[in-house]
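Subject: Handing over the structure

Hi,

Here is the structure I promised to pass on to you. Please open it and keep it beside this email while you read.

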Amino acid sequence: MSYVDRVIDEVKAKNAHEPEFIQAVTEVLTSLKPVIDANPQYEKAALLERIVEPERAIIFRVPWVDDTGVVHVNRAFRVQFNSCLGPYKGGIRLHPSVNLGIIKFLGFEQTFKNSLTTLPMGGGKGGSDFDPKGKSDNEIMRFCQSFMTELCKHIGADTDVPAGDIGTGAREIGYMFGQYKRIRNVWEGVLTGKGLSYGGSLARTEATGYGLVYFVQEHLTCHNDSFAGKTVVVSGSGNVATYAVQKAQQLGATVVTMSDSSGWVYDPNGINLAVMKQVKEVERARISEYAARVEGVKYFAGRGVWSIPCDIAMPCATQNELFIDDARQLVANGCKIVAEGANMPTTLEATEYLIESGLVFCPGKASNAGGVATSGLEMSQNSGRLSWSFEEVEEKLKGIMKNIYHAADDAAKLYGFEGNLVVGANIAGFKKLADAMLAQGIV
Ligand code: NDP
């Protein structure tokens, strides 16, 4: 049995109740086989066994009181996966589905993603099974304060720098930052995604969605093509989806779908982003409200955006939202590119089918790395007490996304997998990490 297969089996046995973590590890390690086989020193140093085990996982309770005086207790996590390349870095997810396995899968992916950005950031992730939907501002604040009261013992600007993710936007980051500062009595860049008035970076809000589009644009440019005139389908209507739609539209594409956890809309004239932002960002309402306000739009309950014919599909909602049947439909409808804005939105089976069918598949750990990369830029600005202009940050983001695209593309070519950006991204992220881990000894 090969070293890779042995480690995958061990991960399955040890983490049997964590399907998303097993899925992420299987995908990454399988694609690394050519590099692992060519480098026996990795097995000697038990490198893979160490890479799949978080350095530390913290689980804690978050008690808070709602507006009617009822006490609630949520479970929260911070998984500090790998600090070889820099302080742990990764978002905080607030969603009822959050459990240890999901946070571990996200932290594992984050480690490779952060390596790909070439910025000095390790990998981590956190979150809680708290559901922000339907909560008042005061309830959100009390939850965030209680959450940070424990978390602040484990993080710091040079230790671990969390950020936003599903359910954690500028409002939540603000409450968490205030509580951190109050308890620790130190103003430092301990969180990214902060408001502009207290150390946030311009363009951080837009960064993941814009970065995703820049990644695809680089591929198109290298093949004498562009976004102009393309039909694009997008899932999600949160931070990543919104700004992916905005940038794709700026570059001349027509984006015809968006979704939320209740349903999706088909707008053949192209999404009116001003109305969508009002509904989802300002009113925090259901996406059906968009259909009620814009003429010619159809609303469908449940899932289904992948049934609409398109040139480019960008899943930007959550993990495992694009299945094999969806992949078949995309291929049958002539889709040419699938670019992941979310983390692991495409199942393993669907990913393999899309690649075998000759589509260009852009894996999230490369194509959605613009968010964490800009968080890295926010950390640099905080350390230097600097504030760069929007254009300056966007230009750096564009450069980083171009570099990530070419790092993945070149690595794929080097190992005989031309055009396979999944293999390329995993190898490029892994090599830097592996070199650093070997250099730092058995730790
Ligand atoms: P948001 O909370 O802003 O938006 C999430 C969107 O996805 C919402 O429209 C939400 O619907 C929908 N959604 C969430 N869960 C489900 C579900 N189980 N089924 C269907 N729809 C769902 O999150 P982000 O936009 O920040 O994150 C989206 C994805 O991108 C995640 O996978 C995240 O890990 C990844 N990502 C985010 C980065 C960032 O910078 N924010 C960076 C890199 C990756 P509803 O409105 O109903 O809740």
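Below is what I found in it, with each term explained where it comes up.

First, some housekeeping. This is a predicted model, where local features need pLDDT of at least 70, side-chain atom pairs count only at pLDDT 80 or more, and totals for chains, interfaces and linings use all residues. Residues are numbered from 1 along each chain as its sequence is written, and side-chain values use heavy atoms, with hydrogens and water left out.

Let's start with salt bridges. How many salt bridges does the structure hold? There are 24, a salt bridge being a side-chain nitrogen of Lys or Arg within 4 Å of a carboxyl oxygen of Asp or Glu.

Aspartate 165 is a good place to look. It pairs with arginine 93, with the closest N and O atoms 2.6 Å apart. That pair links distant parts of the chain, 72 residues apart: arginine 93 is in strand S3 (residues 88–94), and aspartate 165 is in the loop between strand S5 (160–163) and helix H8 (170–184). (Helices, H or I with at least four residues, and strands, E with at least two, are DSSP runs numbered from the N terminus.) Aspartate 165 also forms a salt bridge with lysine 125, where the closest N and O atoms are 3.0 Å apart. Lysine 125 sits in strand S4 (residues 123–128), 40 residues from aspartate 165, and this pair too links distant parts of the chain.

Are these partners buried or exposed? Both arginine 93 and aspartate 165 are buried, and lysine 125 counts as buried because its relative accessibility is 2%. Buried means under 20% relative accessible area, exposed over 50%, and partly exposed in between (1.4 Å probe, protein chains only).

Another salt bridge joins aspartate 409 and lysine 413 (3.2 Å, N to O). Both lie in helix H17 (residues 390–414), four residues apart, which is about one turn of the helix. Aspartate 409, at 12% relative accessibility, is buried, while lysine 413, at 41%, is partly exposed. Elsewhere, Arg6, Glu10, Glu43 and Glu49 are joined into one network by salt bridges that share partners.

Now for arginine 204, in helix H9 (residues 204–222). It is buried but has no salt bridge, and the nearest side chain of opposite charge, glutamate 378, is 5.0 Å away. (For charge, Lys and Arg count as positive and Asp and Glu as negative; His and the chain ends are not counted.) What does the side chain of arginine 204 make a polar contact with? The partner is the side chain of serine 375, at 2.9 Å. A polar contact is a pair of N or O atoms within 3.5 Å; within protein, one must be able to donate a hydrogen and the other to accept it, and residues adjacent in sequence count only if both atoms are side-chain atoms.

Two more buried residues to click on:

- Asparagine 382 is in helix H16 (residues 370–383). It counts as buried because its relative accessibility is 8%. Leaving aside neighbours within four places in sequence, asparagine 382 is in contact (heavy atoms within 4.5 Å) with Gly189, Lys194 and Gly199.
- Valine 294 is in the loop between helix H12 (288–293) and strand S9 (298–301). At 15% relative accessibility, valine 294 is buried. Not counting residues up to four places away in sequence, valine 294 touches Asp267 and Val275.

Have fun exploring!

Key. Lys, Arg positive; Asp, Glu negative; His and termini not counted.
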